[in-house]
Amino acid sequence: MSRQVIQCANIFFSPTGTTRKIVRHVAAGLALPPRELDMTLPTAREQKIFLEREELALLAFPVYGGRLPKIALEIFNQLPNGRRPALALVVYGNRAYEDALLELFDLCVQKGYFLVGAAAFIGEHSYSHVMGQNRPDPADEEAAHQFGLSARHCLLTGDKVLSDKSLLAEAHRPYRKYSAKRPISPDTSRKCVGCLLCVKSCPVAAFVDNNPRQVDQAKCILCAACVKLCPEKAKSFNDDDFTDDMAVMAAANLDRKEPVIHLP
Ligand SMILES: Cc1cc2nc3c(=O)[nH]c(=O)nc-3n(C[C@H](O)[C@H](O)[C@H](O)COP(=O)(O)O)c2cc1C
């Protein structure tokens, strides 16, 4: 039995841009007319998301602490309920994705969506230039494209649906707990030229009065968008404990991890 699917809504959150890259390659493999719904900026999350009846929902998030970023719940609250096909994607920084993909699978199922595929890809770590350095790279892009092609095949030629069985081989419910948020926020050096790119790309509008030098620590989710996107390299997390912990984590995760793909 084939399913009629007319287009694909690419719904994602991607502060440092690696999730967005993977989404676009998967979407190219799916070869359905795409609608890009980038939920990274706060204004994008203000309104309900409308999906056509025969629209595939491609949902993609980075991994934060082995889970989805909490903002994923905010985005799911804006999505319509109802039976429709979905693809679940997480992108992680070459450490581990732990319960994040299972959590995304569960959120989709709670909405009434059925999964025609789920996958974990690797992107350069938000806090590092050595963990997952320069990823996604051409091999990742090819894997993402192939995943899109395979999902298209499942979608159009079969009636099989992905169960949580294969995901549960590597993840658990209840999901791991979020670790305590570090009491830090990005600092700004004298290299800042006031271009405001950081202010404009902050997913939680954490800059006080649009001042690039003043971050509301309570709002900041430590996504590192401002650190990675600053053309002057004027932003950094200047905290010794944080720097030491990241160095230890990087040293333990220099091995190349590969994408993991689940199909029905
Ligand atoms: C707060 C936070 C927590 C993170 N936790 C993890 C993690 O548990 N495992 C991992 O491998 N990478 C982790 N990362 C790295 C991101 O998952 C990774 O860099 C991803 O590619 C970022 O996606 P983006 O470019 O779409 O923002 C974390 C990043 C941040 C900002």
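This is a short dialogue on how to read a predicted model of a protein chain with a ligand.

Q: Into which domains is the protein chain divided?
A: The model is a predicted one, and its chain is divided into domain 1, which takes in 7–174 + 257–262, and domain 2, which takes in 187–238. The contact takes eight residues from domain 1 and eight residues from domain 2. On the side of domain 1 that touches domain 2 there are five nonpolar, three polar and no charged residues. Between the C-alpha centres of domain 1 and domain 2 the distance is 26 Å.

Q: Which residues come nearest to the ligand, and from which domains is the shell around the ligand drawn?
A: There are 24 residues around the ligand, and of these Thr19, Pro62, Gly93, Arg95 and Gly123 come nearest. Domain 1 and domain 2 each give at least three residues to this shell. Helix H1 (18–30) and strand S4 (84–92) each supply at least two of the shell residues. By class, the shell around the ligand holds 10 nonpolar, 12 polar and two charged residues.

Q: How should I read a nonpolar core, and which residues of the largest one touch the most other members?
A: The general idea is that in soluble globular proteins nonpolar side chains tend to be buried together. In this model the largest nonpolar core has 55 residues, and those that touch the most other members are Leu58, Leu59, Ala88, Leu89, Val90, Leu101 and Leu104. Among the elements that each supply at least two residues of this core are strand S1 (7–12), strand S3 (55–62), helix H3 (100–111) and helix H4 (138–157). Strand S5 (113–122) gives the most, with eight residues. Leaving aside residues up to four places away in sequence, Leu104 touches Leu59, Phe61, Leu68, Ala88 and Val90. Apart from the largest core lies another core, of 11 residues, which includes Cys198, Phe207, Val215 and Val227.

Q: Which strands pair with S1, and which residues stand opposite Ile11?
A: A general point to keep in mind is that in a regular strand the side chains alternate between the two faces of the sheet. Here S1 pairs with S3 in the parallel sense over six bridges, and S1 also pairs in the parallel sense with strand S2 (residues 34–38), over five bridges. Ile11 stands opposite Leu59 in S3 and opposite Leu37 in S2. S1 is mostly covered, with five of its six residues buried.

Q: In which sense do S4 and S5 pair, and how many residues of S5 are buried?
A: S4 and S5 pair in the parallel sense over nine bridges, and Ala86 stands opposite Leu115 in S5. Nine of the 10 residues of S5 are buried, and S5 is therefore largely enclosed by the rest of the structure.

Q: Is Phe147 buried or exposed, and is Arg190 buried or exposed?
A: To read this feature, count the other C-beta atoms within 10 Å of a residue's own: 20 or more make the residue buried, and 12 or fewer make it exposed. Phe147, in helix H4, is buried because 25 other C-beta atoms lie within 10 Å. Not counting residues up to four places away in sequence, Phe147 touches Val26, Gly29, Gly117, Ala119 and Ile261. Phe147 and His262 are 115 residues apart in sequence, yet their C-alpha atoms are 9.0 Å apart in space. Arg190, in the loop between strand S6 (187–188) and helix H6 (197–201), is exposed because it has 7 other C-beta atoms within 10 Å. Arg190 and Glu232 are 42 residues apart in sequence and 9.7 Å apart in space, C-alpha to C-alpha.

Q: Which peptide bonds are cis, and which residues have a positive phi although they are not glycine?
A: As a general rule, most residues other than glycine have a negative phi, and most peptide bonds are trans. In this model the peptide bond from Arg135 to Pro136 is cis, with omega near 5°, and Pro136 is found in the loop between S5 and H4. The peptide bond from Arg173 to Pro174 is also cis, with omega near -10°. A positive phi of about 55° is found at Ala31, which lies in the loop between H1 and S2, and another, of about 60°, at Leu222, in the loop between H6 and helix H7 (225–229). Ala31 counts as exposed because it has 12 C-beta neighbours inside 10 Å, whereas Leu222, with 19 such neighbours, counts as partly exposed.

Technical notes. Residues numbered from 1 in each chain as written. Predicted model: local features only at pLDDT ≥ 70, side-chain atom pairs only at ≥ 80, totals over all residues. Domains from an automatic or database assignment. Contact = placed C-beta atoms within 7 Å. Nonpolar A, V, L, I, M, F, W, Y, C, P; charged D, E, K, R; others polar. Near = placed C-beta within 6 Å. Helix = DSSP H or I, 4+ residues; strand = E, 2+ residues; numbered from the N terminus. Core = buried A, V, L, I, M, F, W, Y, C linked by C-beta atoms within 7 Å. Pairing = 2+ DSSP bridges.
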